[in-house]
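Ready for some practice at reading a protein model? Work through the exercises below with the sequence and the 3D view open.

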Amino acid sequence: MIQNTRYIRMSVTDRCNQSCFFCHKEGCVEEGTLLSIDDFLFVCKTVHDLGFVKFKLTGGEPTLRSDICQLVEKLASLNLPDLSMISNGTTLETLAPALRSAGLKRLNITLNTLNEKKHKKINIGKYAPLESIVRGVDAAIDAGFKDIKLNFVHLGKDSDADMEDVLDFATQRGLTMVLLPIMPNNTDESAANLRNLRMKLEQLGINSVKKDVDLEGINRLFITMKSGAKILLRQDELGERVPYTFCANCHDKKRCKEGIFPLRVSAHGTLLPCLASKHNRIEMRPAIEARDKQSLVAGVEQIWRWQTGWK
């Protein structure tokens with residue numbers, strides 16, 4: 001069941017210096033002034049009091065926010081149980097030490113290939129050199145970050161070699177690969193589903209598998225390969241799930257870009273229960289800026305009421 005999520009993802013900027021064709025942008029299509037550091041502090045204090053335990057900073061690319069280290073420092077001062085960030089890694093060569101010193105606990109870094117030509121192809125417009133991501137990963141390790149995870153999105157039949165390359169890269173550095181199938185509507189029929197990805201790993205040689213259930217009720221596998229490589233793989237095909245009551249009447253299910261089911265806060269102060277649909281979004285900026293805790297709690301509770309068991 002996914003009743004009463006305790007996981008919040010906060011988009012702190014909608015800017016990015018890359019343009020991965022499969023990016024869902026955390027569902028954000030807004031424009032305007034970003035929430036301030038104090039705004040995010042208010043949000044985190046409020047939901048922490050409600051029992052939230054997992055806090056992730058997202059974007060866009062969160063490190064492009066000019067005050068990102070100050071934001072992390074302020075959030076870390078709240079002694080949140082789990083404060084992490086997802087990054088494309090391109091700026092970490094410079095920022096990793098400062099983020100670590102500010103109190104950031106964990107990092108997920110996106111790395112989909114070690115081939116520069118494929119890297120350019122994945123980014124349909126602007127992009128940073130692949131080497132900057134590699135240097136960023138190594139800088140994060142040198143800065144003392146533990147439990148770094150590399151997010152690898154399997155894009156289809158041409159991704160098998162990249163998967164092995166990135167897995168070797170992760171193993172050499174003692175990191176865990178999070179293996180993800182591409183979201184629906186962004187690829188061709190050759191894209192691998194979770195079952196096919198498990199078969200590909202079996203062909204490479206699995207040593208052990210441990211099962212786990214995360215905060216959202218999603219079944220996961222922690223896989224150790226015979227090579228020593230460590231992989232995190234979901235068991236649940238999320239496109240087949242019904243996380244919210246309104247999903248049953250959705251007319252756009254084939255384009256559903258749901259991946260996980262946390263509480264999402266946009267960089268401009270909107271609560272987003274769904275990545276794809278513009279419906280059922282709750283505008284919270286006025287309440288956040290007014291420090292209206294009662295209204296923000298009411299918004300979170302509305303998301304909870306929409307949540308349902310998986311069918």
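Two strands pair if DSSP finds at least two bridges between them; helices (H or I, at least four residues) and strands (E, at least two) are DSSP runs, numbered from the N terminus. Keep in mind that this is a predicted model, where local features need pLDDT of at least 70, side-chain atom pairs count only at pLDDT 80 or more, and totals for chains, interfaces and linings use all residues. Residues are numbered from 1 along each chain as its sequence is written, and side-chain values use heavy atoms, with hydrogens and water left out.

**Exercise 1. Find the neighbours of strand E5 and say how they run.**

Step 1: Start with E4 (residues 106-110), which is joined to E5 by 3 bridges, and the two run parallel. Here Asn-108 stands opposite Lys-149 in E5.

Step 2: Now look at E6. E5 and E6 share 6 bridges and run parallel; Leu-150 has Met-177 in E6 as its bridge partner.

Step 3: Add the helix. E5, H6 and E6 make a right-handed β-α-β unit (right-handed if, with the strands pointing away from the viewer, the path from the first strand over the helix to the second runs clockwise).

Step 4: Check how covered E5 is. Buried means under 20% relative accessible area, exposed over 50%, and partly exposed in between (1.4 Å probe, protein chains only). In E5, 6 of its 6 residues are buried: Lys-149, Asn-151 and Val-153 on one side, Leu-150, Phe-152 and His-154 on the other.

**Exercise 2. Put E5 into its whole sheet and find the edges.**

Step 1: Read off the order. The open sheet has 12 strands, E7-E8-E9-E6-E5-E4-E3-E2-E1-E10-E11-E12, with mixed pairing.

Step 2: Go to the ends. E7 and E12 (282-283) are the edge strands, each pairing on one side only.

Step 3: Look at one end up close. E7 and E8 run antiparallel, joined by 7 bridges, and Val-209 has Ile-223 in E8 as its bridge partner.

**Exercise 3. Work out which side of helix H7 faces inward.**

Step 1: List the buried residues of H7 (residues 194-204): they are Leu-194, Leu-197 and Leu-201.

Step 2: Look down the axis. The buried residues fall within an arc of 60 degrees, so they line one face of H7 (the arc is that of the directions from the helix axis to the C-beta atoms). As a reminder, an α-helix has 3.6 residues a turn, so residues three or four places apart point the same way.

Step 3: Turn to the other side of H7, where Arg-195 and Gln-203 are exposed.

Step 4: See what the buried residues pack against. Their partners include strand E5 (149-154), helix H6 (160-172) and strand E6 (176-181).

Step 5: Finish just past the helix, where Gly-205 takes a positive phi of about 110 degrees.

**Exercise 4. Locate the largest nonpolar core.**

Step 1: Learn the term. A nonpolar core is a set of buried Ala, Val, Leu, Ile, Met, Phe, Trp, Tyr and Cys residues joined through side-chain atoms within 4.5 Å.

Step 2: Apply it. The largest one has 78 residues, and Leu-75 and Leu-99 have the most contacts inside it. Its largest share, 7 residues, comes from helix H1 (residues 37-49).

Step 3: Zoom in on Leu-99. Contact means heavy atoms within 4.5 Å. Leaving aside neighbours within four places in sequence, Leu-99 is in contact with residues including Ile-68, Val-72 and Phe-145.
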